[in-house]
Amino acid sequence: MKRLVGYLIPFAAGAILAALASWSFLGDKNPAAPHGPAGQAGPAQVWTCSMHPQIRMDHKDVCPLCGMDLTPVDARQDSWEAEDPSVRLVLDEQARRMAQVQTAEVLPRELFKELRTVGRVEFDETRVAYIAARVAGRVDQVYADFPGTNVRQGEHLVSIYSPELLSTQEEFLAALRADRESWPAGRSAPASLSAASRRRLLLWGITDEQIDALAKSGQAQDHLVVYAPLGGTVIEKNIRPGQYVKEGDPLYTIANLERLWLVLEVYESELFWVRVGQRVEVSVESQPHQPLTGTVSFIEPVLTSASRTVRVRVIVENRDLRLKPGMYAQALLRVPFLPGGRPAPTGLEGKYVCPMHPYEISDQPGPCNQCGMPLEQVSAEGPGQLPGQLPGQLPDLAGEPEKSKVLAVPAEAVLTTGLRQLVYVERAPGKYQLVEPKLGPRAGDYYPVLSGLGEGDRVVTRGNFLLDSQYQLTGRTSLLATGDAGGDSSRSEAAAGFTAEERANLDMLSPEDRGLAASQRVCPVTGEKLGSMGKPYKMELSGRVIFLCCQGCEGQVKADPAAALEKLGGKGETGPTRVAPAPPHGDGHG
């Protein structure tokens, strides 16, 4: 596609370019006349094809490859380059107005890398309770009798009749009476049978308050009431009145929906920009204009091979219960840039976090409030670390906003070829230099500049494709071609149908001869492609340089030179003389 665009641009801009080329010669009625002082002989006028700049002739004609009219090469470009080697293209004021060339200044800006992805809302697994039967028995009464019921912590859920529970309570009461008879009032008994029975009741889910009430009343209860261990919503109900359950049978699943997980799918190419602690803007289809804010809490260490994505967990507060588990949501991460094209710190670096409970964050080391594990310090090392930065020593970007700005170039000024990124810099009014800067990843309407451009440089933001096409009219290869800035003949040779072996044989020629051989393409004797039988053989015929597939064809060409020239589209001794392309100037852009 990029190759097609490179070929079609000269057609689309043909009228403007013809006007630009004509304007370059308006100061001289005869464009082929020398531009030096009167009476001085100037260089012969050279004509070229804007689509195939390797074609150069000493008179006006049509391109032998595409049939387009050849255009004159402005010899003044060479003189301008001789005066200032940094200048690669010059346009006068009228030509700039016709091309509508516009420029912008390269300045430091606050840049953000925006990552857009989708995810699925899921339960927060740390806020889900699975309630199972701890004793065997019969369900006599169900209080939370349908899914979706909201319950508070400590509310009753179900009442279960259990003969085993009844016998254990009677054992506890008997042991408690025996302890009271054995020890006088006011003295505490050592470990006894009543203490063992009490622990057994606790393991069955009976609370201390229930056991104390049992000891005070002295009456065993034949029903076990199960209470909610946390407040939330009943997600699953697996029991009905009259149902018999065994120990371990599931009764309820309760989830607290005030905090949920949003599990995102992030491509591996974007994973570099995602870090724990980053803020995420979350929106759902039901309320797209009221986004929520979440925080990246965990990045899974395994990549999903089917989708080539990594699951990233985002914690989202949902106190108004706007989000529902199972919803799809869109997420936006805006990652600030640092100089050098790295993501900025999230503010979590240097703090202490529990590896099991990422919600537990502290400025000081210590145990986790949830599990007692020692908190671990989040290292500042990694992609977002500043040069010389040590763990725990984070820059205060809010207090020094100038340090959060990055030198940036407008994205519309960058010509992207797929392998390279090029920018036209205006060194002086009407004088343009091609620069290949080192840029970071695109951030909205700008690219961060890593090297190659300086603050205050003016870059072309409009008309840069026309500048490149005008550059071709000067007889040089398109700057959008792969390879060096001056162009790489291997691309045009590949487009002409040369194989890798044939291109290798063409590479044995000098750069000038290789360009001529590539434009000729076939041997006039055998019709075989040049390079198919080794290094092409060069000879001069009627003042014209031609190439043969091998030296063995030389005899036939000398025996009938007119036939050979006719096959090549020439006209004998009066035919066109092809001038080899000029060698590259300086860095290869000429």
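User: Before we look at single residues, what does "buried" mean here, and why is cysteine 553 called buried?

Analyst: A residue is called buried when its relative accessible area is under 20%. In this predicted model, cysteine 553 has 4% relative accessibility, which is under that cut-off, and therefore counts as buried.

User: What makes cysteine 63 buried or exposed?

Analyst: The relative accessible area of cysteine 63 is 2%, and because buried means under 20%, cysteine 63 is buried.

User: How do you know whether cysteine 553 is bonded to cysteine 549 or too far for a bond?

Analyst: A disulfide is a covalent bond between the sulfur atoms of two cysteines. To be counted, the two sulfur atoms must lie within 2.5 Å. The cysteine sulfur closest to that of cysteine 553 belongs to cysteine 549 and is 3.6 Å away, so the pair is too far for a bond. By this rule, the count of disulfides comes to zero.

User: Why does glutamine 433 count as it does, buried or exposed, and what does its side chain contact?

Analyst: Glutamine 433, which lies in strand 28 (residues 431-435), has 16% relative accessibility, and since the cut-off for buried is under 20%, glutamine 433 counts as buried. Its side chain makes a polar contact with the side chain of arginine 427 at 2.6 Å, and this contact qualifies because N or O atoms that form such a pair must be within 3.5 Å.

User: What makes strand 32 and strand 33 a pair?

Analyst: Two strands pair if there are at least two bridges between them, and strand 32 (residues 537-541) and strand 33 (residues 544-548) have five, so they pair, in the antiparallel sense. Tyrosine 537 stands opposite leucine 548 in strand 33. In the hairpin that these strands form, two residues lie between the strands, and serine 542 takes a positive phi near 55°.

User: Which strands stand at the edges of the open sheet of three strands, and why?

Analyst: The order in this sheet is 23-22-24, with antiparallel pairing. Strand 23 (361-362) and strand 24 (376-377) each have a single partner strand, so one side of each is left without a neighbour in the sheet, and they stand at the edges. Strand 22 (residues 352-353) is joined to strand 24 by two bridges, which meets the requirement of at least two. Within this pairing, valine 353 has glutamate 376 in strand 24 as its bridge partner.

Conventions:
Residues are numbered from 1 along each chain as its sequence is written. This is a predicted model: local features need pLDDT of at least 70, side-chain atom pairs count only at pLDDT 80 or more; totals for chains, interfaces and linings use all residues. Side-chain values use heavy atoms; hydrogens and water are left out. Helices (H or I, at least four residues) and strands (E, at least two) are DSSP runs, numbered from the N terminus. Buried means under 20% relative accessible area, exposed over 50%, partly exposed in between (1.4 Å probe, protein chains only). A polar contact is a pair of N or O atoms within 3.5 Å; within protein, one must be able to donate a hydrogen and the other to accept it, and residues adjacent in sequence count only if both atoms are side-chain atoms.
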